[in-house]
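Colleague: Please choose one spot in this chain and look at it closely, then lead me from there to the chain as a whole. I would like every term explained when it first comes up.

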Amino acid sequence: MPFDYKKEYKEFYLPKSRPSIIEVPSMNYLAVRGHGDPNSEDGEYKISIGLLYVIAFTIKMSKKGDHQIEGYFDYVVPPLEGFWWQDGSSNELDYDRKVDMNFISVIRLPDFVTKADFDWAIAEATRKKSQDFSKVEFWTYEEGACVQCMHLGSYDNEPATISAMHEFMTSQGYILDIQNPRYHHEIYLSDPRRCAVDKLKTVIRHPVKKA
């Protein structure tokens, strides 16, 4: 059976529908940065997702080609994630100002994937697709202490879950620590194209520090 990050690291991908505090270690990601309304059909966010998945699957399928990655094992491509913020605003997102959103779209990389493997995948995808993948980065990020919760339902209803998260962190002696480079973080466990809105599952994570 392919290694599934969601099942093997449930503390990061399958939290309960009640808030908890977690320490997130350093991980490597494929990343694309952009700006604008994530719901725009031809916007930067939708384009970023396409770029990420091409590179993610180029790496996953490398075992069938000439490029041999040391330590490679079969795995399920981890879920899409996003870091979000708005310039000149408070710590919390204003969901009525989606056009002003900045994002870093990411997909986690297996630990055995090196920068050299990433560079190969960019070159290979560029050659095969005749497409520009220069916006895709190899990004290492340590998120640290966070409050997180599973959000069920529409993305627009996230503020209620976030409010519960903030109440919980305060009760545990933490305060919010959203500041560059620590952002509002979402992990998308459902495909909105194939899932009813009320059944969408999204991990929401906010950086915190001791009060």
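Modeller: Let us start from Ile 22, which, once its neighbours within four places in sequence are left aside, is in contact (heavy atoms within 4.5 Å) with Glu 11, Phe 12, Gly 144, Ala 145, Cys 146 and Gln 148. Before going on, please keep in mind that this is a predicted model, in which local features need pLDDT of at least 70 and side-chain atom pairs count only at pLDDT 80 or more, while totals for chains, interfaces and linings use all residues. Residues are numbered from 1 along each chain as its sequence is written, and side-chain values use heavy atoms, with hydrogens and water left out.

Ile 22 belongs to strand β2, residues 20–35; helices (H or I, at least four residues) and strands (E, at least two) are DSSP runs, numbered from the N terminus. With a relative accessibility of 11%, Ile 22 counts as buried, where buried means under 20% relative accessible area, exposed over 50%, and partly exposed in between, using a 1.4 Å probe and protein chains only. One of its contacts, Gln 148, is 126 residues away in sequence, and yet the two C-alpha atoms are 7.3 Å apart in space.

From Ile 22 we can move on to Arg 205, whose C-alpha atom is separated from that of Ile 22 by 9.3 Å although their positions lie 183 residues apart along the chain. Arg 205 is part of strand β9, residues 201–210, and with a relative accessible area of 2% it is buried. Beyond four places in sequence, the contacts of Arg 205 include Phe 12, Cys 146 and Gln 148, and also Val 24, Glu 143, Met 165 and Tyr 183. Two of these partners also meet Arg 205 through polar atoms. The side chains of Arg 205 and Glu 143 are joined by a polar contact of 3.0 Å; such a contact is a pair of N or O atoms within 3.5 Å, where within protein one must be able to donate a hydrogen and the other to accept it, and residues adjacent in sequence count only if both atoms are side-chain atoms. In addition, a polar atom of the Arg 205 side chain lies 2.8 Å from the backbone oxygen of Phe 12.

Glu 124 offers another charged side chain to look at. Its place is in helix α4, residues 115–129, where it is buried at a relative accessible area of 16% and makes a side-chain polar contact of 2.9 Å with Arg 127. In the loop between α4 and β6 (137–152) we find Ser 130, which is exposed, with a relative accessible area of 69%. The phi of Ser 130 is near 50°, a positive value in a residue other than glycine. Another backbone detail is the cis peptide bond from Asn 180 to Pro 181, with omega near 5°, and Pro 181 sits in the loop between β7 (174–176) and β8 (184–188). As background, most residues other than glycine have a negative phi, and most peptide bonds are trans.

Cysteines come next. A search of the whole structure finds zero disulfides, a disulfide being a pair of cysteine sulfur atoms within 2.5 Å. Cys 149 is buried at 3% relative accessibility, and its sulfur is too far for a bond because the closest cysteine sulfur, in Cys 146, is 13 Å away. Cys 195 is partly exposed, at 21%, and its sulfur is 17 Å from the closest cysteine sulfur, in Cys 149, which is again too far for a bond.

Finally, consider the chain as a whole, which has five helices and nine strands. Buried residues make up 50% of its 211 residues, and of the contacts with a separation of 6 or more, 75% are between residues 24 or more positions apart. The largest nonpolar core (buried Ala, Val, Leu, Ile, Met, Phe, Trp, Tyr and Cys residues joined through side-chain atoms within 4.5 Å) has 60 residues, of which Leu 30, Ile 55, Ile 59, Ile 104, Val 136 and Trp 139 touch the most other members. Leu 30, not counting residues up to four places away, touches Ile 55, Ile 59 and Val 136, among others.
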